[in-house]
Amino acid sequence: MNRYGSPFLRHIRYTLARPSNGLIPHELLKPLSLAIRDWMIDRLLKTEQRYQEKDVKRVCYLSLEFLMGRWLSDNLCNLGLSEPCRAVLAELGIDLDAVLEVEPDAGLGNGGLGRLAACFLESLATMGMPGFGYGIDYEYGMFKQEIAGGHQREKPDLWKAEGTPF
């Protein structure tokens, strides 16, 4: 296997169409997220096959808001991949924390309902129960706030301006 056998390096080369040297954390977020998503999809397909074979019932949660936080760091933590990923990236001279810091927070809720929905889904996962969260694929988040001249100004939150692997 050549050096592009690493899912991370493969996404740098074939998704970004870039060499792997000299990239800044912002440029590394997408290939790292896609490499983790690939791993998650393999697990998702195995789980779905198991559900089909056992004909299990599923819980479906519909919410207009999901306050999930930053997805890459949450997925790394929940999958137990934070430290292995940190070690692999360190061998390449990449600081995982610097990459995680550039991920935008999806502003898909302002508290109560969004946090409740996220906690409900996390509880389902923790208990190993088959469940899905359904919501609206918002183009914009709640809003971005800035203070200019002592006055609050709201601007659209373009949280998906560069797309989202998750």
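Me: Why does Glu122 count as partly exposed?

Reply: In this predicted model, Glu122 has a relative accessibility of 35%. Buried would need a value under 20% and exposed one over 50%, so Glu122, at 35%, counts as partly exposed.

Me: What makes Glu122 and Arg115 a salt bridge?

Reply: Their side chains meet with 3.6 Å from N to O. The cut-off for a salt bridge is 4 Å, so the pair of Glu122 and Arg115 qualifies. Arg115 is also partly exposed, because its relative accessible area of 32% falls between the 20% and 50% limits.

Me: How do you know that Arg86 and Glu83 form a salt bridge?

Reply: The closest N and O atoms of Arg86 and Glu83 are 3.4 Å apart. That is within the 4 Å limit, so the contact counts. Both residues lie in helix 4, which covers residues 82–91, and the three residues of spacing make about one turn of the helix. Arg86 is partly exposed, because its 26% relative accessible area is neither under 20% nor over 50%.

Me: Which residues are linked with Arg86 in a network of salt bridges?

Reply: Glu83 and Asp97 are the partners of Arg86 in that network. Across the whole structure, the search finds seven salt bridges.

Me: What makes Glu146 and Lys155 another case of a salt bridge?

Reply: Here the N to O distance is 3.4 Å, and since the limit is 4 Å, Glu146 and Lys155 are counted as a salt bridge. As for exposure, Glu146 has a relative accessible area of 33% and Lys155 one of 44%. Both values sit between 20% and 50%, so each residue is partly exposed.

Me: How do you know that strand 3 and strand 4 pair?

Reply: DSSP has to find at least two bridges, and strand 3 (residues 144–148) and strand 4 (residues 151–155) have five, so they pair; the sense is antiparallel. Within the pairing, Glu146 stands opposite Arg153, while Gln145 stands opposite Glu154. The hairpin has two residues between the strands, and Gly149 takes a positive phi near 60° in it.

Me: Why does Glu103 have no salt bridge?

Reply: The nearest side chain of opposite charge is that of Arg70, at 5.6 Å. A salt bridge needs 4 Å or less, so Arg70 is too far away to count. Glu103 is buried and sits in the loop between helix 5 (96–101) and helix 6 (112–126). A polar atom of the Glu103 side chain does lie 3.1 Å from the backbone nitrogen of Trp71. Setting aside residues up to four places away in sequence, Glu103 touches Leu29, Arg70, Trp71, Leu72 and Ser73.

Me: What makes His11 count as buried?

Reply: The relative accessibility of His11 is 13%, and the buried class is anything under 20%, so His11 belongs there. His11 is part of helix 1, residues 7–14. Its contacts, not counting residues up to four places away in sequence, are Leu16, Pro31, Leu34, Ala35 and Asp38.

Me: Which residues touch the most other members of the largest nonpolar core?

Reply: They are Phe8, Leu28, Leu32, Leu72, Leu76, Leu89 and Leu96, in a core of 18 residues. Helix 1, helix 2 (25–54), helix 3 (71–78), helix 4 and helix 5 each give two or more residues to this core. Helix 2 provides the largest share, five residues. Apart from this core lies another, of five residues, including Tyr61, Ala117, Leu121 and Leu124. Back in the largest core, Leu28 touches Phe8, Ile12, Leu23, Ile94 and Val99, again without residues up to four places away in sequence.

Me: Why is Ala17 called exposed?

Reply: At 62% relative accessible area, Ala17 is over the 50% limit, so it is exposed. Ala17 is placed in the loop between helix 1 and helix 2. Its phi is positive, about 55°, although it is not a glycine. Most residues other than glycine have a negative phi.

Me: What makes Asp55 exposed?

Reply: Its relative accessible area is 66%, and the exposed class starts over 50%, so Asp55 qualifies. Asp55 lies in the loop between helix 2 and strand 1 (59–62), and its phi is positive too, near 50°.

Key:
Residues numbered from 1 in each chain as written. Predicted model: local features only at pLDDT ≥ 70, side-chain atom pairs only at ≥ 80, totals over all residues. Heavy atoms only, no water. Helix = DSSP H or I, 4+ residues; strand = E, 2+ residues; numbered from the N terminus. Buried < 20%, exposed > 50% of the residue type's maximum accessible area, 1.4 Å probe, protein only. Contact = heavy atoms within 4.5 Å. Lys, Arg positive; Asp, Glu negative; His and termini not counted. Polar contact = N/O pair within 3.5 Å; in protein donor to acceptor, adjacent residues only side chain to side chain. Core = buried A, V, L, I, M, F, W, Y, C linked by side-chain atoms within 4.5 Å.
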